[in-house]
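Welcome, and thanks for taking a look at this structure. The report below walks through a few of its helix pairs and some individual residues.

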Amino acid sequence: MSKQRRSEARSEAIVNDVHQGNAVVGASTSSSDLRRPPVRGGDGAAPPGRRRATARIAALAGACALALTGCASSGESTIQGGEASLVLPDLGAVTIMGGGSGRTLLLIGLIVCALGIGFGAVSYTQLRALPVHGTMREISELIYSTCKTYLVQQGRFLMMLWVFIAAVIIVYYGFLAGFTWGRVAIVVGFSLVGMGGSYAVAWYGIRVNTFANSRVAFASLRGKPLAMHRIPMKSGMSIGMVLISIELAMMLIILLFLPSDLAGACFIGFAIGESLGASVLRIAGGIFTKIADIGADLMKITFKIKEDDARNPGVIADCTGDNAGDSVGPSADGFETYGVTGVALITFVLLGVNDPSIQASLLVWIFAVRVIMVIASVLSYFINDAWARVRYATAERINFEAPLSSLVWITSVVCIATTYAMTYVVLGDTLSDGLWWKLATIISFGTAAGAIIPELVKVFTSTHSKHVREVVKSSRQGGASLTILSGLVAGNFSAYWIGMAIVGLMAGAFLMSGLGLSALMIAPAVFAFGLVAFGFLGMGPVTIAVDSYGPVTDNAQSVYELSLIEDVESIDDELKRDYGFDVQWDKAKQMLEENDGAGNTFKATAKPVLIGTAVVGATTMIFSIIMSLTDGLTTDMENLSLLHAPLLLGLITGGAVIFWFTGASIQAVTTGAYRAVEFIKNTIKLDGVTKASEADSRKVVAICTQYAQQGMLNMFLGVFFATLAFAFVEPYFFIGYLVSIAIFGLYQSIFMANAGGAWDNAKKIVEVDLHAKGTALHDAVIVGDTVGDPYKDTSSVALNPVIKFTTLFGLLAVELAVSLTDQGSGTLVHILAAAFFVTSAYFAYRSFYGMRIKTSLEDDSTDAVMSEPPTDDATTAASHGSELAQSGVGDER
């Protein structure tokens, strides 16, 4: 082996070894190695390679912290403003209409949060108690078991990455801001609380969804569609209420019970922790689910087997991925989005409003509106559920999208009405010139967006959409190539229309902010944009609920097939005897497919809402950085011009990072899916068995986990060190960079999400409406769906937490750089900027060269195997794996 090759092998081991766990194979492992038992010590400890890699990464974090602390040796605070100096006003001095105090109102909010958590707990219990056949429960519990294994590994990984965040927080607050070590510990502790909150709600989400999936599958057997809607709707509301209530309770606790001069820093620490948790779980979950999904789907083309065939060992991994990507990721993402948007508004109020009494009134108002919107969301859910029961009680068929759409619109209307009412109660006597209704109107622009944007998304992704049907029609004659092109068209058009809608709503908020808000604050338009983002999330429980509907309906279809319930002896008599109904087999399958299509659509609707919140809210966070850099908009304002070259360069740089990130995430999916397909082809048995072995299914899960973690590590560390590097280069360069990643990220995310959604539901039309499974048309739309998988569920959704993490972490990073420069360490700051950039570029390099598929293109036997005609012969299927192994697939060459 050459010196260069040995160097590459050593560098790859740094990251690859981190991921060696139960049955997890390295990126360069041959297919025969998949059968080897995991290497572990006699005490069950992790293998030495993993411990060495963990130590290397911890050492990298320590070296980063040491370099920064070496520049801050004075021990005196050099920070005169900004995040370290945020002090909350006295909320108890706020008097609301009727004579109550603002503090009392927020304490009532804690009671509402407790009731929201109680609602989730009751729903959890009710779901668990619903009837389900043992064969279906067994599958859902196996899915939950693999999800647990995945989450435990992700939890350990999160703790390792948290070391990097903790190092920066300690340096900033301990050495530069002059906090006592006790206060630093509290801030660091709240970063753990934030990360733990994202992790906990993700865990709760998969537990509820894996209860619901088997119950929906069983309910389908009755042939009545109403229960098939109500079960995933109840599970989604349970997740939404618990998620929002826990997040809101944590923020109220900081607001109400921490010292006023410490709460601001704790909000920042809390939000950074949330953002870390969401970024990791969203990125890794998106990679995992699409590796599994592609691996399972391609078997339908290769072997002409049915959807969710129990003999396919990739199907359990696909079900696990539905939860890892479509439940774990969105739950953590929603938790973080709700918190970070609140922190952005708090930061603006404390920096942009001079009068402490107005500060206090605005903070009480913001959180009071959040509390009333939780109440409005659950009230809307009950109204919509009652309407659905009346309308569909005896229905034999329903459009599953209809009750979901009505829920979104009812919630939007109720939230807008309660927003005006609560704003009048809190601010009606405090603000003059009718400012209370102007602020309520600005929020309502965002709340309306929460209903308008899903309608626009449905235009491009619904099974009833002309764009989706265009994909199907073009596929009939043009095959997979025209499938791809039509989906790209849908994605591009969607970015135009949704982008225009967001701009229009922001423009309305801007115009409203010009009607007197300047008397209260600096830059009222920026505050208005933050309130629009706040309104996007106003009906947070319902937004999360309709998003969570999708993974339940997707899993329900899989649970039905994997349970093999139709093959159980005398099953019709058993169901009649034990559950009192005559089973409707054909109708059950049809309704499960239709419900899955509705779930696909509404999974798609939540994505632009979350990315729109990230981008609109980012303007408020960026303003906070600008306030700090310009001493409250009094100095260096010329640096915010395009004539200031670093700002323009930053604008260009942000786009480069967005395109690298989307490519890196798709690369991780591509390589992982290659390995999954390789293994499944090697092990699948189509004759003599009814289902794949649990061991083989878990090995596919292990492959997905490994590549998810490896890809996520490269991308997260690339983003982390890029944030430090660009913040250290020049503060206004960093401002341009943040603006750029927000704008590029918005359109890239919407385009990819809706193109993927169009391909996904085009496949659903072919399967459900046209009954064309197994045809050339079906093969074409499957190809489109597999291309769209990483588009919609990996790259696009991961941009949301990445934008928020970069902006929020950038608050600390840029102030850290400025403070070090003010200490006279300007030269060293630029040296560190170069070092951080080289480190970031290394992980960007690794995101392709460390993740690429390592095999020979010159071995004809490999190509022959990959193009082998479909067969149902188990012997031939096994021979595929033998030929792949002989051809050197998996060997580094």
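Does Cys-147 count as buried or exposed? With a relative accessibility of 3%, Cys-147 falls under the 20% limit and so counts as buried.

## Overall picture

Please keep in mind that this is a predicted model. The protein's secondary structure comprises 23 helices and 0 strands. Of its 893 residues, 65% count as buried.

The contacts are also worth a look. Among those with a separation of 6 or more, 87% are between residues 24 or more positions apart.

## Two cysteines without a disulfide

Let us return to Cys-147. How many disulfides does a search of the whole structure find? The search comes up with 0. Cys-147 takes part in no disulfide, and the nearest cysteine sulfur, which belongs to Cys-319, is 9.0 Å away. A disulfide would need the two sulfur atoms within 2.5 Å, so a separation of 9.0 Å does not qualify.

Seen from the other side, Cys-319 is in no disulfide either, and the nearest cysteine sulfur is that of Cys-147, 9.0 Å away. Cys-319 is buried, with a relative accessible area of 0%.

## Helices H5 and H8

Helix H5 spans residues 181–219 and helix H8 spans residues 314–352; their axes come within 8 Å and cross at roughly 140 degrees. That angle makes H5 oblique to H8. The crossing of the two is right-handed. On the H5 side, the contact is made by Gly-194, Gly-197, Ser-198, Val-201, Ala-202, Gly-205, Ile-206, Asn-209 and Thr-210, while H8 brings Asn-323, Ser-327, Val-328, Ser-331, Ala-332 and Phe-335. Sorted by class, this contact of H5 with H8 has 6 nonpolar, 9 polar and no charged residues.

One of the H8 residues deserves a visit of its own. Asn-323 lies in helix H8 and is buried, with a relative accessible area of 0%. Which residues does Asn-323 touch, not counting those up to four places away in sequence? They are Ile-143, Cys-147, Ile-206, Asn-209, Thr-210, Val-328 and Asn-555. Cys-147, met earlier, is thus one of the residues that Asn-323 touches. As for Thr-210, its C-alpha atom is separated from that of Asn-323 by 8.3 Å, although the two residues are 113 residues apart along the chain.

## Helices H4 and H20

Next come helix H4 (residues 134–176) and helix H20 (residues 776–822), whose axes come within 11 Å and cross at roughly 40 degrees. H4 and H20 are therefore oblique to each other. Their crossing is left-handed.

H4 makes the contact through Ile-165, Val-168, Ile-169, Val-171, Tyr-172, Tyr-173 and Leu-176, and H20 through Phe-805, Phe-809, Leu-812, Glu-815, Leu-816, Ser-819 and Leu-820. By class, the contact of H4 with H20 has 12 nonpolar, 1 polar and 1 charged residues.

## Helices H12 and H19

The axes of helix H12 (residues 466–513) and H19 come within 7 Å and cross at roughly 140 degrees. H12 passes H19 in a right-handed crossing. The residues of this contact of H12 with H19 divide into 20 nonpolar, 8 polar and 1 charged.

For a closer look, go to Asn-754, which lies in helix H19 (residues 731–768). Asn-754 is buried, with a relative accessible area of 0%. Leaving aside neighbours within four places in sequence, Asn-754 is in contact with Val-457, Phe-460, Thr-461, Gly-491, Ser-494, Ile-498 and Pro-608.

## Two positive phi values in loops

Most residues other than glycine have a negative phi. Two residues to check against this are Asp-433 and Leu-564. Asp-433 has a positive phi of about 60 degrees although it is not a glycine. Its place is in the loop between helix H10 (401–427) and helix H11 (435–461). Asp-433 is exposed, with a relative accessible area of 66%.

Leu-564 is also not a glycine, and its phi is positive, near 55 degrees. Where does Leu-564 lie? Leu-564 is found in the loop between helix H14 (540–563) and helix H15 (571–579). At 18% relative accessibility, Leu-564 counts as buried, whereas Asp-433 is exposed.

Technical notes:
Residues are numbered from 1 along each chain as its sequence is written. This is a predicted model: local features need pLDDT of at least 70, side-chain atom pairs count only at pLDDT 80 or more; totals for chains, interfaces and linings use all residues. Side-chain values use heavy atoms; hydrogens and water are left out. Axes are lines fitted to C-alpha atoms, for helices over the stretch in contact, and angles run from 0 to 180 degrees between N-to-C directions. Helices (H or I, at least four residues) and strands (E, at least two) are DSSP runs, numbered from the N terminus. Angles under 35 degrees count as roughly parallel, over 145 as roughly antiparallel, 65 to 115 as roughly perpendicular and the rest as oblique. A crossing is left-handed if the near helix is turned anticlockwise from the far one by less than a right angle, and right-handed if clockwise. Contact means heavy atoms within 4.5 Å. Ala, Val, Leu, Ile, Met, Phe, Trp, Tyr, Cys and Pro count as nonpolar, Asp, Glu, Lys and Arg as charged, and the others, Gly among them, as polar. Buried means under 20% relative accessible area, exposed over 50%, partly exposed in between (1.4 Å probe, protein chains only).
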